[in-house]
Amino acid sequence: MLTTQLDGPLTTEDVLEAKAAIFNQDFSASEGWELVMDLKLKDGEECIVHKRPVPATGLSLFRAVTRVNVECEKYYECYKDNEYRKTWDSSVVDISFLAEDAGNKIWHWIVKFPWPMSNRDYVYYQRTEAFPEERVFVISGRSVNRDLQSSYKPEQSGVVRVEQFVSTVAIRSLGPGKCEVLCFYFDDPKGSIPKVVVNYATKQAFPSILSNFSAALNKYDDYLKKQQSEKK
């Protein structure tokens, strides 16, 4: 599920299929899934992460559900704002917009990995679709085709290129001031990274990212006002 095609541009039909698949998934079911983290936050907010093996890869597909106290529209706008992300996400070395192709934005993203591992970078397509009448928003991404990645962004010394990556994030309203974020994520970080390191990094990263993103949401309106004032 959601890992059958790991590269190439995304179409509206791809996003609609991913939307249907993710909303048909029973996120409360644990059979076949290993619990990575069940994080209870303040005021009823929570984040639950599971993973399961992807056959013949030695890798895992991650599944996460997050429930937060914010309007879904604001969460969506803040989440997809990569320029803003550079100001608050400590795992980001750099994010740069490269091009557009058939309704997709193409991004280059360098992610900080803990020492002694090398940083990773991604060249990937991103497509977003909004369904305002449903108060649903979907952000899908997957790798640019391997043979095209270097033409958009040559590989850098000391940084490992992640050639296979796919994710779907679906955001929906749970009523006034509340939303639910459902996510599937898979990538091949390459290199021999011990399972215990992956698990530890995941457990350490999620609380930090959630905390930082929560703070970023609270400051997003001020950020937008500042951006508007600087354009005048």
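A salt bridge here is a side-chain nitrogen of Lys or Arg within 4 Å of a carboxyl oxygen of Asp or Glu. Side chains of opposite charge can pair when their charged atoms come close.

This is a predicted model, in which local features need pLDDT of at least 70, side-chain atom pairs count only at pLDDT 80 or more, and totals for chains, interfaces and linings use all residues. Residues are numbered from 1 along each chain as its sequence is written, and side-chain values use heavy atoms, with hydrogens and water left out.

**Salt bridges**

The structure holds 17 salt bridges. Three of them are set out below, including two that involve glutamate 46.

| Pair | Closest N to O distance |
|---|---|
| Glutamate 46 and lysine 40 | 2.6 Å |
| Arginine 67 and glutamate 46 | 2.6 Å |
| Glutamate 83 and lysine 86 | 3.2 Å |

Arginine 67 forms a salt bridge with glutamate 46. Arginine 67 lies in strand β3 (residues 59–68) and glutamate 46 in strand β2 (residues 46–54), so the pair ties together parts that are 21 residues apart in sequence. Strands are DSSP runs of E, at least two residues long, and helices are runs of H or I, at least four; both are numbered from the N terminus.

How accessible are the partners? Buried means under 20% relative accessible area, exposed means over 50%, and partly exposed is in between (1.4 Å probe, protein chains only). Glutamate 46 is buried, at 14%. Lysine 40 is exposed, at 53%. Arginine 67 is partly exposed, at 27%.

The bridge between glutamate 83 and lysine 86 sits within one element. Both residues lie in helix α3 (residues 82–88), three residues apart, about one turn of the helix. Glutamate 83 is partly exposed, at 42% relative accessibility. Lysine 86 is also partly exposed, with 34%.

Some bridges share partners, and these join Asp38, Lys40, Glu46, Arg67, Arg172 and Glu180 into one network.

**Cysteines**

A disulfide is a covalent bond between the sulfur atoms of two cysteines. The rule used here asks for a pair of cysteine sulfur atoms within 2.5 Å. By this rule the count is zero. Cysteine 72 is in no disulfide, and its nearest cysteine sulfur, in cysteine 179, is 6.2 Å away. Cysteine 72 is buried, with a relative accessible area of 0%.

Why does cysteine 78 not bond with cysteine 179? The two sulfurs are 11 Å apart, too far for a bond, and cysteine 179 holds the closest cysteine sulfur to cysteine 78. Cysteine 78 is buried too, at 1% relative accessibility.
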